[in-house]
Amino acid sequence: MASPPDTNKTTKLERYNSYLRRVHNTKLLATSSRLLFRATLLAALFLIFYFTINYPPLSDPSNNYSYNSRNTPNNHHRILHSTNFISSAFYGSGAAWEKQVRHSATPRRPNGFSVLVTGAAGFVGSHCSLALRKRGDGVLGLDNFNSYYDPSLKRARQNLLSKRQIFIVEADLNDTPILLKLFDIVPFTHVLHLAAQAGVRYAMQNPQSYVASNIAGFVNLLEVAKSADPQPAIVWASSSSVYGLNKENPFSEEHRTDRPASLYAATKKAGEEIAHTYNHIYGLSLTGLRFFTVYGPWGRPDMAYFFFTKDILQGKGINIYKTQDGKEVARDFTYIDDVVKGCLGALDTAEKSTGRGGKKRGRAQLRVYNLGNTSPVGVGKLVGILEGLLNVKAKKRAITMPRNGDVPFTHANVSLAYRDFGYKPSTDLATGLRKFVKWYVGYYGIQPGVKKEIKNVEHSEAGASA
């Protein structure tokens with residue numbers, strides 16, 4: 001009689017075979033996962049390399065690296081270092097990128113300029129870039145799109161410039177490799193240096209950003225420019241803030257500027273002294289422009305006329321400052337188109353730098369000019385004009401001006417600029433604000449009632465001039 005099968009051995013054999021199958025499947029799955037991971041990594045690296053070479057980022061909006069009030073000094077240095085590394089490694093290479101740079105910087109008119117505009121996505125920078133391009137000059141922008149105010153407005157300006165084939169390199173002024181690369185690609189005839197950390201009051205919150213941009217960034221730009229061949233002529237933005245506690249009126253270029261009332265003013269005054277140094281040692285042609293309260297379409301949201309408009313439309317209260325002795329605060333409001341004419345006039349009359357290879361070969365031009373409107377207007381009158389244009393009564397609060405670096409009064413003497421390049425402002429505050437409000441309601445899509453009021457004002461002015 002046959003013995004019964006050994007079921008215990010059979011069960012053990014089946015379990016062993018099952019174990020072997022699981023081990024095999026696990027190894028196969030692990031091998032497949034590793035192969036898939038490596039293939040994905042290689043594909044990702046290939047795509048990064050491809051898009052870096054062929055599609056470096058375009059940009060239009062402003063001045064230095066992104067910075068906010070939460071950044072500490074240590075964070076600032078880490079952010080700056082990493083930003084410079086990234087922009088140098090990725091943005092400053094590739095045939096397609098260099099082609100865009102050259103195309104944008106190439107003049108379209110005989111004997112046209114090739115201008116590097118820093119802060120090209122900013123308020124004044126974008127307007128000047130468009131004006132230069134319109135007359136046939138080559139324009140290459142540089143901007144870091146910082147977050148001092150809404151970057152989306154800077155991006156909108158960028159779109160405006162890109163339609164005119166103006167390419168903006170998104171990089172920081174302190175990024176030496178990218179600046180060297182740009183000067184190596186393009187023999188710039190001029191630099192219009194408008195990139196800066198703006199604003200008087202913000203300096204009390206984030207002082208390091210002013211030093212990094214207005215001093216270190218300016219020095220870095222001059223260091224690169226001094227060694228360029230040819231050296232460019234440089235026109236740069238100083239500020240009426242340098243007059244500080246000066247009480248002589250109207251402000252003249254011959255008046256004292258050694259008593260700044262804010263850190264912002266101190267950095268701009270430092271810039272003027274730095275300009276003198278690089279002119280004296282290296283032969284750089286340098287022209288400083290002291291802007292007086294520039295306003296107009298595409299302006300800065302941190303400026304009083306801009307946020308007054310916003311707050312009036314939203315029914316919020318606005319503060320009307322009085323001086324410590326009860327007098328009205330007044331500003332020499334200067335319309336953007338007048339300032340642009342002044343910037344182009346300074347560029348057109350700028351003499352060539354005299355240095356070569358970092359060495360001075362002869363005496364070079366060194367200038368500074370006021371660019372204002374010559375007609376100070378009280379802030380109360382500014383609000384009154386806005387009320388009429390917006391057809392809304394402002395909720396005004398009269399308060400004493402805090403000691404935050406602001407000065408109570410500005411008034412420009414522009415006779416020097418008129419003598420040297422025919423600067424003559426022609427836009428009064430009412431006309432300029434009307435143009436600003438028209439842009440504002442269009443850009444932000446404000447209710448038709450405001451637009452109707454603007455049209456009524458335009459018709460009444462047309463009738464009066466007929």
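At what angle do helix 3 (residues 95-105) and helix 6 (residues 176-185) pack, and how far apart are their axes? Select these two helices to begin: in this predicted model, they pack at an angle of about 65 degrees, and their axes lie 10 Å apart. As you turn the view, note that helix 3 passes helix 6 in a right-handed crossing. To see the contact itself, show the side chains of Trp97, Glu98, Val101 and Arg102 on helix 3, together with those of Ile178, Lys181, Leu182 and Ile185 on helix 6. Coloured by class, this contact of helix 3 with helix 6 shows 5 nonpolar and 3 charged residues, with no polar ones.

Next, select helix 4 (residues 123-134) and helix 10 (residues 336-348), whose axes are 10 Å apart and which pack at an angle of about 60 degrees. Here, too, the crossing is right-handed, with helix 4 passing helix 10. From helix 4, the residues to display are Phe123, Val124, His127, Cys128, Ala131 and Leu132, and these meet Ile336, Val339, Val340, Cys343, Leu344 and Leu347 of helix 10. The contact of helix 4 with helix 10 comprises 11 nonpolar residues and 1 polar residue, and no charged residue takes part.

Now leave the helix pairs and turn to the internal space, where a search of the whole structure finds 2 cavities of 30 Å³ or more. The largest cavity holds about 70 Å³ of space, and you can locate it by selecting helix 7 (207-226), strand 5 (233-237) and helix 8 (263-282), each of which supplies at least two residues of its lining. Show the lining residues in sequence order: His193, Leu194, Ala195 and Ala196, then Ser213, Asn214 and Phe218, then Trp236 and Ala237, and finally Thr267, Lys268 and Gly271. By class, the lining of this largest cavity is made up of 6 nonpolar, 5 polar and 1 charged residues.

For the last stop, colour the chain by pLDDT, which averages 86, with 77% of the residues scoring at least 70. Select residues 53-90, where the pLDDT is below 50, although the model gives this stretch 121 contacts beyond near neighbours in sequence. Then select residues 462-466, over which pLDDT also stays under 50 and for which the model has 0 contacts beyond four places in sequence. Where pLDDT is low, the predicted coordinates should not be read in detail.

Technical notes:
Residues numbered from 1 in each chain as written. Predicted model: local features only at pLDDT ≥ 70, side-chain atom pairs only at ≥ 80, totals over all residues. Heavy atoms only, no water. Axes fitted to C-alpha atoms, helices over the stretch in contact; angles between N-to-C directions. Helix = DSSP H or I, 4+ residues; strand = E, 2+ residues; numbered from the N terminus. Left-handed = near helix turned anticlockwise from the far one by under 90°. Contact = heavy atoms within 4.5 Å. Nonpolar A, V, L, I, M, F, W, Y, C, P; charged D, E, K, R; others polar. 1 Å grid on protein atoms, 1.4 Å probe; cavity = no way out; pocket = protein on both sides within 12 Å on 5 of 7 lines; lining within 4 Å. Points joined across faces, edges and corners; volume = space filled by probe spheres on them. pLDDT = per-residue confidence, 0-100.
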